[in-house]
Amino acid sequence: LVHCGSTARNTYIVFMDKSAKPDEFADHSQWYSSMVRSSIASVTPAASEGGEERILYTFGTAFHGVAVQLNEEEIARLGQRNGVVSVFPETVYHLHTTRSPLFLGLESEDSTSSWPTEVSEYDVVVGVLDTGIWPESPSFNDTGLGPIPARWKGECETGRGFEKRHCNRKIVGARSFFRGYESASGKINEQSEYRSPRDQDGHGTHTASTVAGSPVKGANLLGYALGTARGMAPGARVAAYKVCWTGGCFSSDILSAIDRAVADGVNALSISLGGGVSSYYRDSLSVGAFGAMEMGVFVSCSAGNGGPDPISLTNVSPWVTTIGASTMDRDFPATVKLGNGQSFTGTSLYKGLGNLSVDKQYELIYHGSNSSNVTPSSMCLEGTLDRHKVAGKIVICDRGISPRVQKGQVVKDAGGIGMILSNTATNGEELVADCHLLPAVAVGEKNGKIIKHYALSNSEATATLAFLGTKLKVRPSPVVAAFSSRGPNVLSLEILKPDVIAPGVNILAAWTGDLGPSSLSSDHRRTAFNILSGTSMSCPHVSGIAALIKSHRPEWSPAAIKSALMTTAYVHDNTFKPLKDASTALYSTPYDHGAGHIQPIKALDPGLIYDIHPQDYFDFLCLQGLRPTELAVFAKFSKRTCGRSITQAGDLNYPAISAVFPENPNVTAITFRRTATNVGSPNSTYHAVVSPFRGASVKIQPDVLAFSAEKKAITYQITFTTKSRQTAPEFGALFWKDGIHRVKSPVVLTWL
């Protein structure tokens, strides 16, 4: 028997060594086509002539290679050819689904800008990899913007629902990438989906307007959150790269978009999507971001919505800025009043004709067997509610499995007149507001248990719901969102992730005109703005602020911008107490909030920065146990070698410090090196202050850094010596102070 490989074609990402191109080929595309053509297994020579047809994308700026459709036998042949660095199968990524400028200090109460505006802001372009853009949104009005930067090479691609005229001086580029998606899922149905940059999902429009939306007075969602909506960098330009479709976001499309965005000339990339954590070299987004970073592009990614579980982070590469989510000081309160007189506060964005009378009580029902264990019917899943039992009643539904707004639709379809959405242990006391299709209030786990117990123990249980609009200056805030993914970063414990947190709960921003605010197909309401939550929302806050910093500090590297954001972040809320975790109501740790909550104005003048060069990141990878063929994905060319800039992973010049003591009890001391670069007054002297640890003593040499015009960068050592091994990680901080600046690095000590 002769075993034949599968004849089914799949998409593969093939990274190439650019320098290995034989002289006989005029360009790299010709060389790649020739290699693919000669690798196609076929009994007829004619079939091997279609190398170009099998190639979906050619990469040539941030990295080099192709996305190609081959079967197992063909890809095995191609992988053996000279010049092929590595081969990876296609993977699927998923989306991480007006008050914020004021809350972040970018605007004062009287609406005059606190951020120093300069013409240079108009020269910054942020690329947003997402579901496209809705160009008619008032957030993309280009009034007052000057000419598009001369260096910009982007284009406005056309397709169904998207024409050249849809780009302007705000939306300076719009492209769509679907070849990988179509290769895996079949041709896009143009009747139900736009095969163009137009956004029918809403996610991409929301994130793009958060980055750089123009100011829109009177923005609101059905009357909620009324005010002026504006992006973080309202003078910056947006380029939309549509990589996500109804079936997901495919790695070949993402890589092609990153490569094209870098070639177009973006200054920053905002990527609110992710997959599971895999080794650096196997993560297409990580590889793509490395190439962008090498070209000076700042890349921010969402941390994921896997919290509050530990080790739930995605996008953990040190060259990416990983963003967790926090609340703001704005809320949308709603109340539940029970027949026994008890009242509970929750949240809601409901606005409709079906308001319940606050003077009347309505029958209340819960389909669970007790207040703690959830069942399909207690979660109000599709097809689980009995119309005879539900009609005319308020239904209690547990969170889980199905989308929150869909539970309301299920209740409505079964004849229910209202819903109380109860958190479970997973979400704790965190409240996320939704634009429900029937009167509905979300409550925390504790209140949910009380309400459920009342409904189960009282055959004549009743309730009513009331909606109280928008509340500002909520305390405490910010609070780490329960859904925000958590560390530690198991890929490299020495790299603390997430990096920072930013507003990601109940964020008002622009919305598609193709979908209702609940995103349900049955929702026929149309709104210009929507309120969403997720690390998808926190990521563009940081992308926009990075653009602002870049416009004021054009010489800064992506690592310098990240350092400024991290070392100026704060870890106390507006009640002057340490940040709390919404899932537990206890204090959060750097595994939850990273370096802390972003503080844009301070980040413009951080005093000191910790810079990292591309070779430093490569040397870090050399210490991660990668084989030469795996390292080559980042090397890009065969002559790149591991340098000696760092000798241990913890020596990467990262703004956070994480020391990991091995199980070997003989290792009692760990020393790391950091190099601080002065970006403030030339003649500055900084003194070190470090928080005490139970398990270790800390020594810093030198503990005074004296900078001058000639001496702009100084290297210091920090040594941790074990006093008593701890069973849990210890958290603290190192500060460098000069009387004006307070340069803070979070410190984590772990004993394995």
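This report describes the domains, one buried serine, one helix and two sheets of a predicted model.

The model is predicted, and local features need pLDDT of at least 70, side-chain atom pairs count only at pLDDT 80 or more, and totals for chains, interfaces and linings use all residues. Residues are numbered from 1 along each chain as its sequence is written, and side-chain values use heavy atoms, with hydrogens and water left out.

The chain is divided into four parts, tabulated below; the bounds come from an automatic or database domain assignment.

| Domain | Residues |
|---|---|
| domain 1 | 10-88 |
| domain 2 | 99-329 + 477-604 |
| domain 3 | 333-467 |
| domain 4 | 608-612 + 653-751 |

Between the C-alpha centres of domain 3 and domain 4 the distance is 50 Å.

Helices (H or I, at least four residues) and strands (E, at least two) are DSSP runs, numbered from the N terminus. Ser-378 sits in the loop that links strand E20 (362-366) to helix H9 (387-390). Ser-378 has a relative accessible area of 0% and is therefore buried (buried means under 20% relative accessible area, exposed over 50%, partly exposed in between, with a 1.4 Å probe and protein chains only). A polar atom of the Ser-378 side chain lies 2.8 Å from the backbone nitrogen of Thr-375. With neighbours within four places in sequence left aside, Ser-378 is in contact (heavy atoms within 4.5 Å) with residues including Tyr-366, His-367, Asn-373 and Asp-398.

Helix H10 spans residues 404-413, and its buried residues include Val-405, Lys-407, Val-410 and Val-411. The buried residues of H10 pack against H9, strand E21 (394-398) and strand E22 (418-422). Gly-415, just after H10, has a positive phi of about 95°.

One open sheet has four strands in the order E11-E12-E5-E14, with antiparallel pairing (two strands pair if DSSP finds at least two bridges between them). Strand E11 (244-245) and strand E14 (273-274) are at the edges with a single partner strand each, so one side of each has no neighbour in the sheet. Helix H7 (residues 251-264) packs on this sheet and touches E5, E12 and E14; its direction makes about 65° with that of E12 (axes are lines fitted to C-alpha atoms, for helices over the stretch in contact, and angles run from 0 to 180 degrees between N-to-C directions). Strands E5 (residues 92-95) and E12 (residues 248-250) run antiparallel and are joined by two bridges; Val-92 has Phe-250 in E12 as its bridge partner.

Another open sheet of four strands follows the order E31-E33-E37-E35, also with antiparallel pairing. Its edge strands are E31 (608-609) and E35 (696-701), each pairing on one side only. Two bridges link E31 to strand E33 (residues 669-678) in the antiparallel sense, and Leu-608 stands opposite Asn-678 in E33.

Technical notes:
A polar contact is a pair of N or O atoms within 3.5 Å; within protein, one must be able to donate a hydrogen and the other to accept it, and residues adjacent in sequence count only if both atoms are side-chain atoms.
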